[in-house]
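Got the model open in your viewer? Follow along stop by stop, and select each piece as it comes up.

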Amino acid sequence: MDPEYERRLLRQQNGQSPFSSPMQVSPASSPGKDKYGDRFIPSRAGANWKIHFNMPQDNVNSLSPTMTRKAKDINTDSNKDGLAYNCLLKNELLGAGIEDLKDQQPDDRRILVPKESKNMFTYRVPRRSPDAADSSPYSLSPVGSKSQKLLRSPRKAVRKISKIPFKVLDAPELQDDFYLNLVDWSSTNVLSVGLGTCVYLWSACTSQVTRLCDLSVDGDSVTSVSWSERGNLVAVGTHKGDVQIWDVAASKRISLLEGHSARVGALAWNADILSSGSRDRLILQRDIRSPSIVPERKLTGHRQEVCGLKWSPDHQHLASGGNDNKLFVWNMTSLSPVQTYTEHLAAVKAIAWSPHQHGLLASGGGTADRCIRFWNTLTGQPLQCVDTGSQVCNLAWSKHANELVSTHGYSQNQILVWKYPSLVQIAKLTGHSYRVLYLAMSPDGEAIVTGAGDETLRFWNVFSKTRSTKESKSVLNLFTRIR
């Protein structure tokens, strides 16, 4: 054979052009492309067996972050029905014995292939469901008893909080002042609002508005309002430092309490005892039944204006917050605070006692702090802290669930609903164009009203009164169709 012909033939079999030099390889004849020989060997480098075959994935983290996030956020009814269907197949085909969906993950795709199996082509003898022997021969259901229990298991209702208020009221002259408390909701379902020099009452049952009092005749203005526990009396704090007690049914002032030398921005009732906090840094406690006979209790400790006051649910302790960034806890006998918390970096106006856990206190700081802190007043130890990103103006616990709502000012003016103790945000409500400085809760504990410097009052359905215990309405549950 001609040596030159043999050399060209060998080059051709090696994927090189017969007329090119060994050091020059053209792009069209690069290794790995257009190789020719006596056998055809297909390239399997681009084959993705995990896509073309339903193989079990041992490492869930191999999914992309976007796919993982989407899988975790599946909450629709159709995907929940798909999860129930997957568990039903596991019960009937693999004998998994699943009776409840709580421990199942919605992104679990390992249905037909057992976890220990690694070979997709392994043949297996189908096995009978372990609960098939226990099922009645007269049962009309094609599935076993555990699958029936699975389909009948109640499904947790999806929490839906409306992002828009169900009512908006105009509130002209509602002051944009962080240190005032001008809105309160009574146990008789009547809302009291301090607007300028007047106090107005709005009935949630009849939507009627009445004017309770006008302080313009005395050259004074309203700085705080607070209902008594029975809902028959309203305490009104004034700019001059007085506290007026009004009988709502008679529309008559029954008492005038003096003693403060500056405006009264915080009020708190404890049965017939009324506590008032003022800019003069004092907290006065007086019995409204006989204010002239029973001496007042003067609590001193704050070095700046007292802007937050709340009694504990057991009526044994009073929490106070001030512009000196301090949170104090007082008892019924001592004239000095029994506990002092100094972790906040701004004024403490937002204070709320938990009705679900004895001794649990929540407090919020102003613009320089932006944190909600939780305290165990039984031991005096701090518990948790969350940075909200905005000035905390108010806090209120739900009466029916371990949740709380917070209103905020600078700079997002939002309303946040939190789950405790996980501190997960359940909802974020927006709508006010100014700081949400005022907050009150309805007597049934389902709705809240918020007020802001934009001179509006907005009503929101935030908390649910009862938890849903209804049976699952899955389309897979055939027993809901039988009557």
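Start by selecting strand β12, residues 282-287, and colour its two faces separately. L282, L284 and R286 sit on one side, I283, Q285 and D287 on the other, and every one of these is buried. That makes 6 of 6 residues in β12. Buried here means under 20% relative accessible area, exposed means over 50%, and partly exposed falls in between, with a 1.4 Å probe and protein chains only. Strands are DSSP E runs of at least two residues and helices are H or I runs of at least four, numbered from the N terminus.

A word on what you are looking at: this is a predicted model, where local features need pLDDT of at least 70 and side-chain atom pairs count only at pLDDT 80 or more, while totals for chains, interfaces and linings use all residues. Residues are numbered from 1 along each chain as its sequence is written, and side-chain values use heavy atoms, leaving out hydrogens and water.

**Next stop: the neighbours of β12**

Add β11, residues 273-278, which runs antiparallel to β12 and is joined to it by 5 bridges. Two strands count as paired if DSSP finds at least two bridges between them. To see one bridge, pick L274 and its partner R286 in β12. The hairpin of these two strands has 3 residues between them, and R281 there takes a positive phi near 75 degrees.

Now bring in β13, residues 297-300, antiparallel to β12 through 4 bridges. Here L284 has K298 as its bridge partner.

**Next stop: the salt bridges**

Side chains of opposite charge can pair when their charged atoms come close. The structure holds 10 salt bridges, each one a side-chain nitrogen of Lys or Arg within 4 Å of a carboxyl oxygen of Asp or Glu.

Show R230 and D272, whose side chains meet at 3.5 Å, N to O. R230 is in the loop between β6 and β7 and D272 in the loop between β10 and β11, so the pair ties together parts 42 residues apart in sequence. Which of the two partners is buried, and which exposed? R230 counts as exposed at 60% relative accessibility, whereas D272 counts as buried at 18%.

Then select R263 and E305, with their closest N and O atoms 3.0 Å apart. R263 lies in the loop between β9 and β10 and E305 in the loop between β13 and β14, so this pair ties together parts that are 42 residues apart in sequence. R263 is buried at 8% relative accessibility, and E305 is buried at 6%.

Keep E305 on screen and add R279, another salt-bridge partner, at 3.4 Å between the closest N and O atoms. R279 comes from the loop between β11 and β12, so its pairing with E305 ties together parts that are 26 residues apart. R279 is partly exposed, with a relative accessible area of 43%. Select D177 as well: shared partners join D177, R263, R279 and E305 into one network.

**Next stop: the nonpolar cores**

A nonpolar core is a set of buried Ala, Val, Leu, Ile, Met, Phe, Trp, Tyr and Cys residues joined through side-chain atoms within 4.5 Å. The largest one has 31 residues, and L174, V183, L191, V449 and L457 have the most contacts inside it. Elements giving two or more residues include β2 (183-185), β3 (190-195) and β28 (456-461); β3 gives the most, with 4 residues.

Centre on V449 and show what it touches: among its contacts are V183, W185, L191, Y438 and F459, not counting residues up to four places away in sequence. Contact means heavy atoms within 4.5 Å.

For a second, separate core of 15 residues, select L395, W397, L404 and L416, which are among its members.

**Last stop: an open sheet**

Select β18 through β21. They form an open sheet of 4 strands in the order β18-β19-β20-β21, with antiparallel pairing. The edge strands, each pairing on one side only, are β18 (348-353) and β21 (381-387). β18 and β19 (residues 360-365) pair over 5 bridges, and you can pick out I351 with its bridge partner S363 in β19.

Finally, zoom out: the protein chain has 5 helices and 28 strands, and 43% of its 483 residues count as buried.
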